[in-house]
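The following report describes part of a protein model, with attention to one helix and the strands around it.

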Amino acid sequence: MLSDDDVLRAVREEIERRGETSAVASPGDAALTWHPLLEGEIVRCVEHRGEERRFHAGPLDLTGRPEYETTIGLHPLPPPRDPARERTWRLVRKGSADHRTCDCGNGQVACGRCKGAGGIPCEPYRPCGACGGVESCLRCDGTGSPAVVAAEREDGDRVQCRECGARRAACPGCHGRGRLRCAVCQGAETRPCPDCAGDGTVEHRRCAGTGTTVEWQEGVITRSPTVTAVRLPEAGVPYLARQQARERGAWTPVHLADDEPAPAHFHQEFGPDLKELFRAHDGEIARRVTVRSTRIARVVVADHPHRLYFVLPVPSGGPHVLVLPSRKRTAQLAAAALGALVLLVFLVHLVG
Ligand SMILES: [Zn+2]
Ligand SMILES: [Zn+2]
Ligand SMILES: [Zn+2]
Ligand SMILES: [Zn+2]
Ligand SMILES: [Zn+2]
């Protein structure tokens, strides 16, 4: 871990490296503040338990399933070995399985469309498309009785009438009958019901045609991981300084399992934000904390107030020094840029 002296020495060397005279001779020449950093993740295993009534159409063997007594909330399970692992248990409450014969008896019920008859009404005849039922036979007009038509007329396209027997008198479409027998029912006035294919019965939906049902009380336990990113402090360290620390800094890894408390210095360094991050979630039964910590120094040298020096420990060799413009300097630069823009706008207006 870097000491105050290490930091000030590194800043002094950085100033000399820039070809400037060192202005950090005594501690009063520079203001040094330490900024602890913490990052990583917390993986929590969150458990949910619930019960519901289950129904299954048809036979179902529940004997191989794990059972629980009275209430799922009291069912004992060992804690998870790996909090990142997702798992679900489906259990049957002891003695709750109810295998029944369905009210239908055999899985079949009367067809709703034909009311169990197997057939539905059908038109026995339809009008002849060729003559429309008019002058289907020049002799009898479909009645079979020659008296109906007074005068007999000859027509070359006509055929023999099947009702009265007159030659070359009948419509070729219906042979004198004026209508055609229904091809579906053959004039029987009923056709097979399309819903039951003429059987009069259909599969009972509730039991899926099996004639049996099973009901039971199911208890479900799920364990699923939730991952929370750790990045403290949330503010107060410039992005570039944090990025440099992340990419090249030396960090101390910390692994905590379940109830292991965070190191005491974490609480001093990060206070309420750490407490909030480490707070137990609803249903949390296990956790794994994988974080790393470091601290970087921020130095302001009295002779160079427009600069910020960030000094970070690196895995090997001397500390790394990052130089950033101070917030005051940044504001000055921004103001200068804005001033230039205002002047430009002013000039444009002047010329226009
Ligand atoms: Zn039917
Ligand atoms: Zn006829
Ligand atoms: Zn006809
Ligand atoms: Zn018909
Ligand atoms: Zn049934």
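## Helix α1 and its strand neighbours

The exposed residues Asp5, Glu16 and Arg17 lie on the face of α1 turned away from its buried side; a residue is exposed if 12 or fewer other C-beta atoms lie within 10 Å of its own, buried if 20 or more do, and partly exposed in between, with C-beta atoms placed from the backbone. This is a predicted model, in which local features need pLDDT of at least 70 and side-chain atom pairs count only at pLDDT 80 or more, while totals for chains, interfaces and linings use all residues. Residues are numbered from 1 along each chain as its sequence is written, and chains are lettered from A and ligands numbered from 1 in the order in which they are written.

Helices (H or I, at least four residues) and strands (E, at least two) are DSSP runs, numbered from the N terminus. The buried residues of α1 are Val7, Leu8, Ala10, Val11, Glu14 and Ile15. They cover an arc of only 160° around the axis, which puts them on the same side of α1; the arc is that of the directions from the helix axis to the C-beta atoms. These buried residues pack against β1, β13, β14 and β15, contact meaning C-beta atoms, placed from the backbone, within 7 Å.

Strand β14 (residues 307-312) is largely enclosed by the rest of the structure, because five of its six residues are buried. Strands pair if DSSP finds at least two bridges between them.

| Strand pair | Bridges | Direction |
|---|---|---|
| β13 and β14 | three bridges | antiparallel |
| β14 and β15 | six bridges | antiparallel |

A hairpin of five residues joins β13 to β14.

Methods:
Two residues are in contact if their C-beta atoms, placed from the backbone, lie within 7 Å.
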